[in-house]
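Dear colleague,

I am handing over the structure below, and after it you will find notes on what turned up when I went through it. Please read them with the structure open beside you.

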Amino acid sequence: MSEDPGGYNTDIWKFRLQRMARAGGRGVIEILRTFWSVVRAPLMLAFNILFALIIIFEEWGWRPLHDAVARLSKYSPVAFVERRVASLPPYGALLAFGIPVAVLLPFKFLALFLFAAGRFFSASFVFITAKIVGTALLARIFVLTKPALMQIAWFAAAYEKFVPWKDAVYEKIRASWTWRYGRMLKTRVRQETERLVARYGPKFFTLAARSPVLGRLVAKLPQRVKSALMGQPKSS
């Protein structure tokens, strides 16, 4: 039986294609390794900054906004609403997270309309205000509904996995130079603010004593703010 020359040529081309594919695969791997070696440092820096911003938002945004909304519970209508929200069943509590979205959606549409009309400052103000209010409501609703939400099996499982992962990431971020620099910058800003208040606070009160408008403004300030402006130590 004679050999099939067509089959022989097919085997040769198959071998050549396989060799070219292996060579191409090695080339792609080398390119990816080179690319990763170039982008790794800036990419890790970007992730450090991103997670640092998330931590800053949680510590300086989420918690203060929640505390601000929580202070409103001293008013009976707000306390009544909070009791109703806290008494919701598990999936009712989950639906409660749609409240900030439903309440603030018209304002976001208003911001979009203002932006389309060329009123960028007004649009930015409305949008940022809506985001701040929405975040404050969301933070308070989560605290009120967390006991009910933890009764949902999949939510509790996800939450219990997310929190340790988040804590581990936060520990790494807090050990990074980005976070340390941010803390140092925060301390410098606080110290500079205290220096300016100590220098100009008494002068402001002297000027306020001569101006009825500023006098009325000062009268509305909380006592702790007045004490800080006057350079008095905080009461224990």
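At 48% relative accessibility, W154 falls in the class of partly exposed residues, and please keep in mind throughout that this is a predicted model. Its sequence neighbour in the numbering, F155, is by contrast buried, with a relative accessibility of 14%, which is under the 20% that serves as the limit for that class.

The aromatic rings deserve a careful look, since a search of the whole structure gives five aromatic pairs. One of them joins F115 and F120, whose ring centres are 5.2 Å apart and whose planes stand at 70 degrees, an edge-to-face arrangement. F120 itself is partly exposed, with 48% relative accessibility. Another pair brings W154 and F155 together: their ring centres are separated by 6.1 Å and their planes meet at 75 degrees, so this pair is edge-to-face as well, given that planes over 60 degrees apart are counted in that way. These two residues also belong to a cluster, in which ring pairs link F97, F142, W154, F155 and Y159.

The other finding concerns the surface, where W177, Y181, M184, L185 and V189 make up a nonpolar patch of about 510 Å². Within this patch, L185 is partly exposed, its relative accessible area being 42%, and L185 has its place in helix α7, which covers residues 177–210.

With best regards

Conventions:
Residues numbered from 1 in each chain as written. Predicted model: local features only at pLDDT ≥ 70, side-chain atom pairs only at ≥ 80, totals over all residues. Heavy atoms only, no water. Phe/Tyr/Trp six-rings, centres within 6.5 Å; stacked < 30°, edge-to-face > 60°. Buried < 20%, exposed > 50% of the residue type's maximum accessible area, 1.4 Å probe, protein only. Patch = residues over 30% accessible without salt bridge, like charges linked within 9 Å, V, L, I, M, F, W, Y side chains within 5 Å. Areas by Shrake-Rupley, 256 points an atom, 1.4 Å probe, with all protein chains shown as cover. Salt bridge = Lys/Arg side-chain N within 4 Å of Asp/Glu carboxyl O. Helix = DSSP H or I, 4+ residues; strand = E, 2+ residues; numbered from the N terminus.
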